[in-house]
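User: I am new to this structure. Please take one part, the helix that the rest of the model encloses, and look at it closely. Then place it in its wider setting.

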Amino acid sequence: MSDSPNGVPLLEVRHVGKYFGSVIALKDISMQVHAGEVTCVLGDNGAGKSTLIKILSGVHPHDEGELLLDGKPVRFNGPREARAAGISVVFQDLATVPLMSIWRNFFLGSEPTVGVGPARKLDAGFAKKVIRDEMRKMGIDVRDPNQPVGTLSGGERQAVAIARAVYFGAKVLILDEPTSALGVKQSGIVLKYVVQARERGLGVILITHNPHHAYPVGDRFVLLNRGRLMGSYSKHETSLDQLTKMMAGGEELERLSKELEQMATDTETREVARELREEAR
Amino acid sequence: MSVATQPVPSPAPRQVGVSDERLAGVGLIVRLLQRPELGALLGAVAVYLLFASVDATPGHKFSSIAGMQNWMDAASSYGIMAVAVAVLMIGGEFDLSAGVMTGTCGLLLGALITKYQQNVWLSIVVVLLFAALIGAINGTLVVRTKLPSFIITLATFFVLRGMNVGVTLLFTNTVRFDVSDQAPGFASAQSIFGSTFLAPYNFQDAVLWWIAITAIATWVLTQTTFGNWIYAVGGDANAARAVGVPVSRTKIILFMYTAMSAAIVGIMVALRYKGIQTGQGVGQEFFFIIAAVVGGCLLTGGYGSAIGASIGALIIGFAQIGIIFAGWDSNWYFTFLGVILFVAVGVNTMVRRRAASARGRG
């Protein structure tokens, strides 16, 4: 786990808070993102994960605390500034246009051109070469960069979005629920890309509500609950069971499992209830 | 259709250990079907053969050069507009005022030349600027209100339609504006916009304009950054915005281009016939849309080509002239176009499902 050259975290969040009117969306959140590490932000729906991403990616300014990039305090006026500073978000919808080809999607908004004046045109050859190279680094062999993105699987589309962020200079890569819409196998493939991005020296922030996806790839785990920091652990300080339990709120889960067990009439439901209680323990 | 086709890359050698990441192989037939204009091209050949075989004129005029002059003339006026409407449709929007705009612009030209005795070239510049303004208004309203462009431009259509007749009546007490061939600059302007070439066949200048506009639109769509943005704003405006494409500006420019194309067609009609009727262009907006859709454009945006739209216009030209040459009642023309549209939409939908479906390929 290599740190930044000077030992300072790539991105540090110190006691950050955010209010929407009288609603406390986030309060006293602290976390560190190191180069070559995956920091997982875990939380159930409404825990404040989205608000945190929006602060990190420059969509919302924070109201309290500070944001440090390479040890220097920063404040972003919009997503463009955050991206220029090297913080890229791969959103759930991936920001790709299904009917457009892979290479056109990859360079959309930052098209490479050759020629001058009215003869200036897209440098398709360069674009396709870059796609092949970048995707090969992720272990994908793109045979036809002209293929519409819509014909790719969910995992492959995720890979294109990640490769695009990395190619355009992301140092911190924020992945917003990358596995939420995917099946088991595709999720595994995406987690492989997460590890690859880490190995290429990026600081990865993986937002998820699934501890089973977070634990195998994560180096640090930040748990959010109702806008507050519930805990912050490095991998050796915690286990998958512990994470799961904390995420669901152990006692609550135990109570639920008991209720379920009482209601259960068939063996299958009883089995689920028993498993739930195991997890809560 | 080599202009729009990307070079087919040779398959790269497969890497070892990536068999779990199958990128679906794309066969030649699927690749061809993915070209938006292929269906239209096959359709055009079929329609041509049909009308060439039912041709009842002495000497089979339909398949002669004189016949070609006829159907190219018919197709060119639709074609110039169909390309604009197709590019706008690729950008995800409609312009129902595109037909009536040709009339509005021609009438404005007539008013400037005849009523205010302006130089023809100066009048042409003013008409183009006016069209750009109307296009910008259409585009800005669509972008700002977020209402469907179908509704916004339907409103523009009716506003202009009423104005065309109302204003012309006020000025001339007739439903026509004459364009005097004595006006300064008329001869030179007509030689560019409304005369003929290739004697003795006398093809209309509009044919050259049509071909040039199709070529330029194809180049912009497939080879430029702006073309990339057009496909993106039509395909998924939110995704385009997220990666920094100026969505609103792109759409407004497309509306301006459509309106200015209508101005060019209006100018051509007014100069060629030395006058223009208030009814000019009304109802033609649907022909433009038919040509664009037959040419492979998706009504939902993000897919299509300028060449396809031109082939669509050519099919309309075949039908319009072919039915006359066959000696049929010309009302069947509309029925024929309706059937063609049905078939084209069916084929397009099939193609889109193939192109966009993520299932059954991973």
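Analyst: Chain A holds ten helices and twelve strands. The model is predicted, and the predictor gives the complex an ipTM of 0.80 and a pTM of 0.82. The part to look at closely is in chain B: helix α9, residues 225-235.

Nine of the eleven residues of α9(B) are buried, so this helix is largely enclosed by the rest of the structure. Here a residue counts as buried if 20 or more other C-beta atoms lie within 10 Å of its own. The buried residues begin with B:G227, B:N228 and B:W229. B:I230, B:Y231, B:A232 and B:V233 are buried too. B:G234 and B:G235 complete the set.

What covers them? Both chains take part. From chain A, the cover includes α3 and β8 (121-122). From chain B, it includes α3, α8, α10 (237-242) and α11. Helix α3 of chain A spans residues 102-106 and has the highest mean pLDDT among the elements of that chain, 93.

One residue of the helix leads on to the core. B:I230 is touched by B:V87. B:V87 also touches B:A217, B:L221, B:L254, B:Y257 and B:A306, leaving aside residues up to four places away in sequence. The largest nonpolar core has 180 residues, and among them A:L173 and B:V87 touch the most other members. Helix α3 of chain B (residues 65-90) gives this core its largest share, 16 residues. Chain A contributes as well: at least three residues come from each of domain 1 (1-86 + 171-236) and domain 2 (101-165). In soluble globular proteins, nonpolar side chains tend to be buried together.

Now compare a second helix of chain B, α7 (residues 186-193). Its buried residues are B:F186, B:A189 and B:F193. They cover an arc of only 70° around the axis, so they sit on the same side of α7(B). On the other side, B:A187 and B:S188 are exposed. The cover over the buried residues of α7(B) includes α5, α8 (205-223) and α11 (247-272) of chain B. Two of these names have come up before: α8 and α11 are also among the cover of α9(B).

Next, some backbone details of chain B. The peptide bond from B:A199 to B:P200 is cis, with omega near 5°. B:P200 lies in the loop between β2 (196-197) and β3 (203-204) of chain B. B:L198 is found in the loop between β2 and β3 as well. B:L198 has a positive phi of about 60° although it is not a glycine. With 12 C-beta neighbours inside 10 Å, B:L198 counts as exposed. B:H60 also has a positive phi, of about 45°, and is not a glycine. B:H60 lies in the loop between α2 (38-54) and α3 of chain B. It is partly exposed, with 13 other C-beta atoms within 10 Å. Why do such spots stand out? Most residues other than glycine have a negative phi, and most peptide bonds are trans.

How far can chain B be trusted, by the predictor's own score? Its mean pLDDT is 87, and 88% of its residues reach 70 or more. Confidence is highest in helix α5 (residues 120-145) of chain B, at 97. It is lowest in helix α1 (residues 28-34) of chain B, at a mean of 64. Two stretches of chain B fall below 50. Residues 1-24 do so, and this stretch has 37 contacts in the model beyond near neighbours in sequence. Residues 358-362 do so too, with eight such contacts.

Last, chain A as a whole. It averages a pLDDT of 84, and 93% of the residues score at least 70. Helix α9 of chain A (residues 250-263) has the lowest mean among its elements, 70. Keep the two apart: the enclosed α9 belongs to chain B. With 281 residues, a compact globule would have a radius of gyration near 19 Å; chain A has 21 Å, which agrees. Its C-alpha trace spans about 75 × 45 × 40 Å along the principal axes. Of its residues, 45% count as buried. The domain assignment gives domain 1, domain 2 and domain 3 (249-281). The C-alpha centres of domain 1 and domain 3 of chain A lie 32 Å apart.

Methods
Residues are numbered from 1 along each chain as its sequence is written. Chains are lettered from A and ligands numbered from 1 in the order in which they are written. This is a predicted model: local features need pLDDT of at least 70, side-chain atom pairs count only at pLDDT 80 or more; totals for chains, interfaces and linings use all residues. pLDDT is the predictor's confidence in each residue, from 0 to 100. Helices (H or I, at least four residues) and strands (E, at least two) are DSSP runs, numbered from the N terminus. The radius of gyration is taken over C-alpha atoms; the globule rule is 2.2 Å times the number of residues to the power 0.38. A nonpolar core is a set of buried Ala, Val, Leu, Ile, Met, Phe, Trp, Tyr and Cys residues joined through C-beta atoms within 7 Å. Domain bounds come from an automatic or database domain assignment. Two residues are in contact if their C-beta atoms, placed from the backbone, lie within 7 Å. The arc is that of the directions from the helix axis to the C-beta atoms.
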